[in-house]
Amino acid sequence: MRSSRNASLISAVMLLTAANLLWAGQGVAVKLLVGGPGPLAIALLPLYFVTLLGLGILVVRGDVRQKFRAAWRLRREFLLAGICGQLMAQVGMTLGVSWSTASNGAILSLLIPIFGALIAVWLLRERLSTLRVGALLLGLAGVVLLSPLHEASATGPRAHEVAGNLLIAVGCLGSAFYNVYSKRLLKHFSGIETLFFSYLSTTVFSLPVLFLMEPQCLSQFAQLTLTQWAAVGYLAVFLYGVSMVLFLKALGTVDVVIASASLYLMPLFGVALAFSILGERLAPRALLGSAIVLFATLMLFRFDYAF
């Protein structure tokens, strides 16, 4: 029994590591697409593609009508997961990285475990301890260092980067909500089914908004270079598809807290990719800010949870 549990834990760790590596490439892919389609199209069109792919997988597996009937009974839950989770996460992160840097996107993702712990207070009725409040405040202090608010009144690139970092934080909030909330949906659906129906809800809600805000998005995609098409393929297949399936599969084995703790890996992978592919550098202020956010997150899980 113990060896079986250890094997399941090792498998979950491997799945989470692979998921974080794939997530870390989002900032690089978004940066490669800057100057092409608008940020909403970059965030949503790959999601629509993987939603169609998920529908095809469900059709091949059979019992599609039964699954749709079951999902319809939980339509409010899937709509909430799609809009407050996936839509907020992907649009916030994509728009934020396009205005800021891929490195900042990777570092600010350290806020996801902190936000996740606070959302668990609401969803799981856990107590809001002084430690959790302190961890959140420290994390926000790190965000301030990454986005120097004393220069926020300036115009030009600096103000643009501040706004981008704040949008990345909003995306982290959406991601944290989805990570916690999807745990409840996994009691009724498999990982692929949970992912598909939440994506479907996101698609139905966001499709009219996309073509209203960016009516030329399809023609802009037709002008992409080969490298940019590779970035779109990465977002559609690996970011929205494979990585989320790996994460949800691991989430069915381990607690949300353990899964959230694995997100420590994403900034390390993300900064390394931004450095090696995009040639981005981190200012000393950004390094200090990332250290504070990491310390707040480690403090929360070291003293608030017993593994």
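A residue counts as buried when its relative accessible area is under 20%, as exposed when that area is over 50%, and as partly exposed in between. With these cut-offs, Lys-67 counts as partly exposed because its relative accessibility is 25%, whereas Glu-193 counts as buried because its value is 5%. The model described here is predicted, and the points below take up its salt bridge, its cavity, its largest nonpolar core and one residue of helix H10.

**Salt bridge**

- The count of salt bridges comes to one, and the partners are Glu-193 and Lys-67, whose closest N and O atoms are 3.2 Å apart.
- Glu-193 belongs to helix H10, which covers residues 191-213, and Lys-67 belongs to helix H4, which covers residues 64-73, so the pair ties together parts that lie 126 residues apart in sequence.

**Cavity**

- When the whole structure is searched, one cavity of 30 Å³ or more is found, and the volume of the largest cavity is about 360 Å³.
- The largest cavity is lined by 25 residues, of which Trp-23, Gln-26, Met-93, Ser-175 and Met-266 are the closest to its centre.
- Several helices supply at least two residues each to this lining, among them H1 (2-24), H2 (26-33), H9 (157-185) and H14 (265-278), while helix H5 gives the most, with six residues.
- Sorted by class, the lining of the largest cavity holds 14 nonpolar residues and eleven polar residues, but no charged residues.

**Nonpolar core**

- The largest nonpolar core is made up of 71 residues, and those with the most contacts inside it are Trp-23, Leu-44, Leu-210, Tyr-240 and Phe-247.
- Helix H12 provides the largest share of this core, namely eleven residues, and H12, which spans residues 226-251, also supplies at least two residues to the lining of the largest cavity.
- Trp-23 appears in two of these descriptions, since Trp-23 is listed among the residues closest to the centre of the largest cavity and also among those with the most contacts inside the largest nonpolar core.
- Once residues up to four places away in sequence are set aside, Tyr-240 touches a group of residues that includes Ile-42, Ala-43, Pro-46, Gln-90, Leu-195 and Tyr-199.

**Ser-201 in helix H10**

- Ser-201 lies in helix H10, the helix that also holds Glu-193 of the salt bridge.
- Ser-201 is buried, because its relative accessible area of 13% is under 20%.
- Apart from its neighbours within four places in sequence, Ser-201 is in contact with Phe-78 and Leu-79.

How values were computed:
Residues numbered from 1 in each chain as written. Predicted model: local features only at pLDDT ≥ 70, side-chain atom pairs only at ≥ 80, totals over all residues. Heavy atoms only, no water. Salt bridge = Lys/Arg side-chain N within 4 Å of Asp/Glu carboxyl O. Helix = DSSP H or I, 4+ residues; strand = E, 2+ residues; numbered from the N terminus. Buried < 20%, exposed > 50% of the residue type's maximum accessible area, 1.4 Å probe, protein only. 1 Å grid on protein atoms, 1.4 Å probe; cavity = no way out; pocket = protein on both sides within 12 Å on 5 of 7 lines; lining within 4 Å. Points joined across faces, edges and corners; volume = space filled by probe spheres on them. Nonpolar A, V, L, I, M, F, W, Y, C, P; charged D, E, K, R; others polar. Contact = heavy atoms within 4.5 Å. Core = buried A, V, L, I, M, F, W, Y, C linked by side-chain atoms within 4.5 Å.
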